[in-house]
Every structure is written in structure tokens, then in C-alpha cells.
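Work through the exercises below with the sequence and the 3D structure open. Each task is followed by a solution in steps.

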Amino acid sequence: MCRNIRTLANFEPPATHDEIGAAALQYVRKIAGTTAPSRANEEAFARAVAAITSITHDLLDELVTTAPPKNRDAEAAKARARNEARFGPR
């Protein structure tokens, strides 16, 4: 479940609200141990996702680095190369 959470800091362009929300959702799913909450837990689940999304926005806005921003396409290519080395060509 959590391996779908990607690094969001120091990218150009910055992470979008949708990317941050998707990471928050994955985090809450992992912590809750379920991909979909029961009806009794839907509201708590949604509140947790919203809170973590908000806090993550704050964190990303406040982080400071001297490293140059990463390129999404270059990082994706590196990930594909690592995956191919690990599992072979598809």
C-alpha cells in the first residue's frame, strides 16, 4: 500500500494538491489497515485525509533546501531503470 507514496519535496513544478491528497490517502489507508473504511468510519477517515493533506501542504511550503529542484521526468526514468534492473525488462 505505502510504496505508492512518492517523495513530494523539491520538485519543479511543485507537487499538486492532487498528488499531496493521494499521498495522504495512502498514508491513512496504511495506518487504518484498510483501503476503504466502513460507513461508520467514513467521516473519521475523510477528516484524517484532509488533515494530513493540509499538514503536508504546510510542511512542503516550509521546507528549505539548497539542492536544485528535481525533474519529474528524470526521476521517473531513474525509477524505471531501477525497476528494470531489479525485475528485468517487461
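**Exercise 1. Order of the elements**

Task: State in what order the elements of the protein run from the N terminus on.

Solution. Helices (H or I, at least four residues) and strands (E, at least two) are DSSP runs, numbered from the N terminus. Read in that direction, the elements run β-α-α-β-α. The protein has three helices and two strands.

A note on the model before going on. This is a predicted model, in which local features need pLDDT of at least 70, side-chain atom pairs count only at pLDDT 80 or more, and totals for chains, interfaces and linings use all residues. Residues are numbered from 1 along each chain as its sequence is written, and side-chain values use heavy atoms, with hydrogens and water left out.

**Exercise 2. Overall dimensions**

Task: Set the radius of gyration of the protein against that of a compact globule of 90 residues.

Solution. Step one is the rule: the radius of gyration is taken over C-alpha atoms, and the globule value is 2.2 Å times the number of residues to the power 0.38. Step two is the comparison: a compact globule of 90 residues would come out near 12 Å, while the protein has 16 Å. Step three is the extent of the C-alpha trace, which spans about 45 × 35 × 15 Å along its principal axes.

**Exercise 3. Burial and contacts in the whole chain**

Task: Find what share of the residues is buried and what share of the contacts with a separation of 6 or more joins residues 24 or more positions apart.

Solution. Buried means under 20% relative accessible area, exposed over 50%, and partly exposed in between (1.4 Å probe, protein chains only). By this cut-off, 16% of the 90 residues are buried. Contact means heavy atoms within 4.5 Å. Of the contacts with a separation of 6 or more, 70% come from residues 24 or more positions apart.

**Exercise 4. Helix α1**

Task: Compare the reach of α1 with the expected span, then list its buried residues.

Solution. The expected span of a helix is 1.5 Å times one less than its number of residues. Helix α1 covers residues 17-32, 16 residues in total, and reaches 22 Å from its first C-alpha to its last, close to the 22 Å expected. Its buried residues are Ile20, Gly21, Ala23, Ala24, Gln26 and Val28. Their cover includes α2 (42-62). After α1 comes Gly33, with a positive phi near 75°.

**Exercise 5. Where α1 meets α2**

Task: Which residues do Thr53 and Val49 touch, leaving aside neighbours up to four places away in sequence?

Solution. Start with Thr53, which is in helix α2. Thr53 counts as buried because its relative accessible area is 7%. Its contacts are His17, Ile20, Gly21 and Ala24.

Next take Val49, also found in helix α2. Val49 has a relative accessible area of 16% and so is buried. It touches Gly21, Ala24, Leu25 and Val28. The C-alpha atoms of Val49 and Ala24 are separated by 5.5 Å, although the two residues are 25 residues apart along the chain.

Now check from the other side. Gly21 is in helix α1, and on the count that omits residues up to four places away, Gly21 touches Val49 and Thr53. Gly21 is buried because its relative accessible area is 18%.

**Exercise 6. Arg72 and helix α3**

Task: Is Arg72 buried or partly exposed, and which residues does it touch?

Solution. Arg72 lies in helix α3, which covers residues 72-87. With a relative accessible area of 25%, Arg72 is therefore partly exposed. Beyond residues up to four places away in sequence, Arg72 touches Phe11, Pro13, Pro14, Ala15 and Glu19. Arg72 and Val49 are 24 Å apart, C-alpha to C-alpha.

**Exercise 7. Backbone exceptions**

Task: Describe the peptide bond between Glu12 and Pro13 and the phi of Asn10.

Solution. Most residues other than glycine have a negative phi, and most peptide bonds are trans. The bond that joins Glu12 and Pro13 is cis, with omega about 0°. Pro13 is in the loop between β1 (11-12) and α1. Asn10, in the segment before β1, has a positive phi near 60°. Asn10 is partly exposed because its relative accessible area is 25%.
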